Amino acid sequence: MDHKIDSVGSLNDRLLFAVPKKGRLHQPCLDLLSGSDIQFHRHNRLDIALVKNLPLALIFLPAADIPTFVGEGRVDLGITGRDQVAEHEADTPPTDTTGVVEVMNLGFGSCRLQVQVPENGPIQTSDQLVGKNVVTSFTALSKAYFRDLEAQRARMTPQANGDASKDLQTTIKFVGGSVEAACALGVADGIVDLVESGETMRAAGLKAIDTVVESTAVLISSKHPSDPKLLKKITSRIKGVITAQRFVLCTYNVSRKLLTKASHITPGKRAPTVTALEEEDWVAVQAMVERKQIANVMDELAELGATDILVTKIDNSRTTW
Ligand SMILES: Nc1ncnc2c1ncn2[C@@H]1O[C@H](COP(=O)(O)OP(=O)(O)OP(=O)(O)O)[C@@H](O)[C@H]1O
Ligand SMILES: O=P(O)(O)OC[C@H]1O[C@H](OP(=O)(O)OP(=O)(O)O)[C@H](O)[C@@H]1O
């Protein structure tokens with residue numbers, strides 16, 4: 001009974017944190033919560049979970065709805081894609097009190113919202129889609145994108161009669177998923193959809209001709225969160241986990257005369273930690289290295305003459321980079 005939500009009253013005095021309830025961002029968010037020691041038990045089918053060890057409640061919502069709840073200040077904190085924030089802002093421009101604040105880029109969930117057309121079709125540029133049919137799940141961003149192109153076209157071709165302005169109106173239609181099927185089904189001349197690996201796009205016989213938004217998952221907050229101190233604590237924990245995921249700890253031994261060159265390869269955050277060894281003229285070095293660089297860094301260190309190169313995973317951190 002202790003974590004059952006009996007009424008909205010049980011959420012009073014808790015910071016509300018929205019998390020994607022499904023889809024691409026769901027699991028990485030759960031990993032982030034667990035790394036931040038945010039402990040909760042989510043009851044079957046319940047979209048609200050009280051956190052056991054902090055005055056916090058998690059609200060599981062569709063990623064697309066999170067900017068609305070956070071932007072209106074109903075929820076204090078949230079994780080969603082930057083594409084969803086941009087879509088919300090294109091639809092509901094922020095004011096002094098509404099809208100969201102981007103607190104942190106979380107690094108995962110990278111993708112691009114791109115204009116796509118049939119690979120072997122007549123359309124080569126977005127401009128050629130003006131006045132045609134476009135299908136998307138991101139209608140506000142797509143409307144804003146094509147309104148700009150329409151305005152450019154209108155400036156270049158002063159209209160002789162009323163029909164010309166009708167030709168300039170691009171039709172933007174909403175579909176909730178499987179957007180890539182729209183061209184093959186004859187519903188659209190082009191689509192605006194997310195691309196990560198490009199596999200879906202290629203499988204549907206489409207190619208990208210422009211990018212509307214580059215996206216990653218972001219931590220967002222409302223403009224006036226209920227408990228700024230707790231929000232800061234959660235943010236700092238999440239930042240620690242993200243940094244730990246991004247970096248590894250590299251340790252190695254190197255002769256003192258090569259230390260300057262070795263320090264250039266592993267400069268660390270402030271500077272590498274250098275410890276004297278019992279063996280004269282040799283030192284042990286320890287430095288944080290970006291995970292995606294580590295193979296190259298190890299090659300370079302070995303080439304330089306460093307020995308006993310070891311790489312360890314960082315479980316958690318309280319550091320900023
Ligand atoms: N292929 C992808 N690669 C990386 N990130 C993606 C990808 N597709 C979507 N995303 C990110 O995840 C967010 C949520 O998309 P996802 O399709 O998982 O949502 P969903 O809530 O399951 O919605 P839907 O029911 O429409 O699929 C997107 O707004 C985007 O930021
Ligand atoms: O470039 P890729 O790596 O192929 O990823 C892109 C696909 O991923 C998303 O769809 P998702 O799989 O979430 O399903 P949906 O079409 O039902 O939204 C997006 O809408 C693309 O269709």
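Helices here are DSSP runs of H or I with at least four residues, strands are runs of E with at least two, and both are numbered from the N terminus. By that rule, Gln84 sits in helix α3 (residues 82-91). The model is a predicted one: local features need pLDDT of at least 70, side-chain atom pairs count only at pLDDT 80 or more, and totals for chains, interfaces and linings use all residues. Residues are numbered from 1 along each chain as its sequence is written, with chains lettered from A and ligands numbered from 1 in the order in which they are written.

Let us stay with Gln84 for a moment. Gln84 counts as buried because it has 27 C-beta neighbours inside 10 Å; the cut-off for buried is 20 or more other C-beta atoms within 10 Å, with 12 or fewer for exposed, partly exposed in between, and C-beta atoms placed from the backbone. Leaving out residues up to four places away in sequence, Gln84 touches Ala63, Ala64, Ile66 and Pro67, where contact means C-beta atoms, placed from the backbone, within 7 Å.

Now to the domains. The assignment, which is automatic or from a database, gives domain 1 (8-110 + 217-226), domain 2 (114-215) and domain 3 (247-313). The C-alpha centres of domain 1 and domain 2 are 30 Å apart. Their contact takes eight residues from each of domain 1 and domain 2. On the domain 1 side, α3 gives the most, with six residues.

The two ligands each have a shell of residues, taken as those whose C-beta atom, placed from the backbone, lies within 6 Å. In the table, nonpolar means Ala, Val, Leu, Ile, Met, Phe, Trp, Tyr, Cys and Pro, charged means Asp, Glu, Lys and Arg, and polar covers the others, Gly among them.

| Ligand | Shell | Closest residues | Classes |
|---|---|---|---|
| Ligand 1 | 17 residues | Gly23, Arg24, Ala63, Gly81, Glu196 | six nonpolar, seven polar, four charged |
| Ligand 2 | 14 residues | Gly177, Glu196, Ser197, Glu199, Thr200 | four nonpolar, five polar, five charged |

The shell around ligand 1 draws at least three residues from each of domain 1 and domain 2.

Finally, the core. The largest nonpolar core (buried Ala, Val, Leu, Ile, Met, Phe, Trp, Tyr and Cys residues joined through C-beta atoms within 7 Å) has 79 residues, and Ala18 is one of those that touch the most other members. Helix α7 (residues 228-246) gives the most to this core, with six residues. Beyond its neighbours within four places in sequence, Ala18 is in contact with residues including Ile59, Leu61 and Phe69.

Conventions
Contact = placed C-beta atoms within 7 Å.
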